[in-house]
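Hi there,

Here is the structure I promised to pass on. Have a look at it first, and then read on for my notes.

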Amino acid sequence: MKSVLHLEPDTPPDLDGLCRTYGHEPVAQEFVPTTEEYMVAALYDHGEPLATYQHRQLRGNTYLGGGGVYRRSAYVPQLDSVARRLLDELDYHGLACIEYMRRPETGSSC
């Protein structure tokens with residue numbers, strides 16, 4: 001089951017307690033408020049793209065991810081280019097899902 005722990009700013013997490021609870025070192029991520037979310041999916045064969053797909057998530061059922069309530073196929077050339085450069089650099093093999101969010105205050109993708 002997915003879980004998330006929100007901390008107040010400048011509040012250090014109890015790393016030992018989190019490691020005991022979850023059985024691994026925690027991953028920390030800054031909360032990014034967003035108005036647009038995209039996903040690029042790709043199937044790569046030893047560094048060669050076989051197929052790619054994009055969608056925009058218009059409405060989700062949880063901040064934690066999972067099945068989206070409403071998604072629409074999309075094509076954003078910049079996302080395609082960034083995703084391919086990343087996967088090419090990694091000489092990727094297999095199925096990849098890369099999620100992007102657009103920061104409303106700057107318009108940049110992260």
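In this predicted model, Tyr44 counts as buried, at 2% relative accessibility. Tyr92, by contrast, counts as partly exposed, with a value of 25%. The count of aromatic pairs comes to 1, and these two tyrosines form it: Tyr44 and Tyr92 meet edge-to-face, with 6.5 Å centre to centre and 85° between the planes. The pair links distant parts of the chain, 48 residues apart: Tyr44 sits in strand 1 (residues 36-45), and Tyr92 in the loop between helix 2 (77-89) and strand 4 (94-102).

Helix 2 itself is worth a look. Its 13 residues reach 18 Å from the first C-alpha to the last, close to the 18 Å expected at 1.5 Å a residue. Which of its residues are buried? They are Leu79, Asp80, Ala83 and Leu87. Seen down the axis of helix 2, the buried residues fall within an arc of 100°, so they line one face of the helix. That face packs against strand 1, strand 2 (48-60) and strand 4. Gln78, Arg85 and Glu89, on the other side of helix 2, are exposed. Just after the helix, Asp91 takes a positive phi of about 50°.

One last spot to check is Val32, in the loop between helix 1 (15-22) and strand 1. Val32 is buried, with a relative accessible area of 11%. Its C-alpha is separated by 7.2 Å from that of Arg103, although the two residues are 71 apart along the chain.

Happy browsing, and do write back with any questions!

Best wishes

How values were computed. Residues are numbered from 1 along each chain as its sequence is written. This is a predicted model: local features need pLDDT of at least 70, side-chain atom pairs count only at pLDDT 80 or more; totals for chains, interfaces and linings use all residues. Side-chain values use heavy atoms; hydrogens and water are left out. Rings of Phe, Tyr and Trp (its six-membered ring) pair if their centres lie within 6.5 Å; planes under 30 degrees apart count as stacked, over 60 as edge-to-face and the rest as tilted. Helices (H or I, at least four residues) and strands (E, at least two) are DSSP runs, numbered from the N terminus. Buried means under 20% relative accessible area, exposed over 50%, partly exposed in between (1.4 Å probe, protein chains only). The expected span of a helix is 1.5 Å times one less than its number of residues. The arc is that of the directions from the helix axis to the C-beta atoms. Contact means heavy atoms within 4.5 Å.
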